[in-house]
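Here are my notes on the ligand site and the pockets, for someone coming to this fresh. Have the model open as you read.

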Amino acid sequence: MTDSRPSLRVLPDAGALAQTAADEVLRAAQAANDRFTLALSGGSTPKHLYQRLAAADFAARLDWPRVHLFWGDERCVPPDDPASNYRLARETLLDHLSIPSVNIHRIPGEQEPAQAAARYDRRLRDFFGGLPRFDLILLGLGDDGHIASLFPHTPALQERHRYAVHSTAPVPPIHRVTLTLPVINAAARVLFLVSGAGKAAILRRVLEGEATADDLPAQLIRPARGEVIWLVDESAARLLSH
Ligand code: 6PG
């Protein structure tokens, strides 16, 4: 199988980025067969996308009862903690949709990290019946090149058997649960959302720098049977050569 080459689209601003990302979510949902499996990303960038997906004019275009929501990673905090990726999605998206609660596969961040990871791993195995092949995985880009909670030079980044593991971050919240590289690289589509001037330097390193093994986890995202789409705004793209 040949790797699909990543595609890069530069959008004028964060609003256009959110709209284009919402269109990509819809395209992936339309390409899915019965159920649509989507792994949400955390951090701050996806907030505008979630708000766009929740807007009435857009929400009506998705058949939410066949959408199954997972998370690419979660901080090991209670679900109502301001740092919770679930809380971000609940406030901006879930609270505005009629999606069945059984379709929301939350990572139990309030539990002891290793137990939370094991439970999420079990849920992935039970739901997918083996290696998960998500229809779409959303990813942000960390300033150190991390994706989900797979940080450079960490055991979690090296994991090749489990689907979800406990990882530790160099910045608080330290303890996380994250999808592992084999799961991300098994996806049908991976959509990176990168916004703001603060991401310009790391985006250039990832897209135009030399491949640096574990230094930049984002460079390891190469689904063998899937496409990678980078949606970036002009501020984040300002240091790219083309
Ligand atoms: C998290 C995210 C993480 C995030 C990047 C970018 O839990 O923090 O999953 O991987 O996507 O750190 O974060 P921003 O969107 O806030 O820049």
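The points below start with the ligand and then move on to the two pockets.

1. A word on the ground rules. This is a predicted model, where local features need pLDDT of at least 70 and side-chain atom pairs count only at pLDDT 80 or more, while totals for chains, interfaces and linings use all residues. Residues are numbered from 1 along each chain as its sequence is written, and side-chain values use heavy atoms, with hydrogens and water left out.

2. Start with the ligand's neighbours. There are 14 residues around the ligand, and Ser 44, Thr 45, Asp 73, Ala 148 and Lys 199 come nearest (near here means a heavy atom within 4 Å). By class, this shell has two nonpolar, eight polar and four charged residues. For the classes, Ala, Val, Leu, Ile, Met, Phe, Trp, Tyr, Cys and Pro count as nonpolar, Asp, Glu, Lys and Arg as charged, and the others, Gly among them, as polar.

3. Next, the polar contacts (pairs of N or O atoms within 3.5 Å). The side chain of Thr 45 has an N or O atom 2.6 Å from an oxygen atom of the ligand. His 146 places a polar side-chain atom 2.9 Å from a ligand oxygen, and for Asn 85 the distance is 3.0 Å. On its own the ligand exposes 420 Å², and the protein buries 88% of that (Shrake-Rupley method, 1.4 Å probe).

4. Where does the ligand sit? It is in the largest pocket, meaning that more than half of its atoms lie within 2 Å of the pocket's grid points. A pocket is an open set of points on a 1 Å grid over the protein atoms alone, where a 1.4 Å probe fits, with protein on both sides within 12 Å along at least five of seven lines; lining residues have an atom within 4 Å of a point.

5. That pocket has a volume of about 430 Å³ (the space filled by probe spheres set on the points). Its lining has 25 residues, with Gly 42, Gly 43, Arg 75, Gly 142 and His 146 nearest the centre. Strand 4 (73-75) and strand 5 (136-139) each supply at least two lining residues; strands are DSSP E runs of at least two residues, and helices are H or I runs of at least four.

6. Don't skip the second largest pocket, with about 360 Å³ of space. Among its 21 lining residues, Arg 5, Pro 6, Val 206, Leu 207 and Trp 230 are closest to the centre. Helix 8 gives the most to this lining, with three residues.

Note on methods. Polar contact = N/O pair within 3.5 Å; in protein donor to acceptor, adjacent residues only side chain to side chain.
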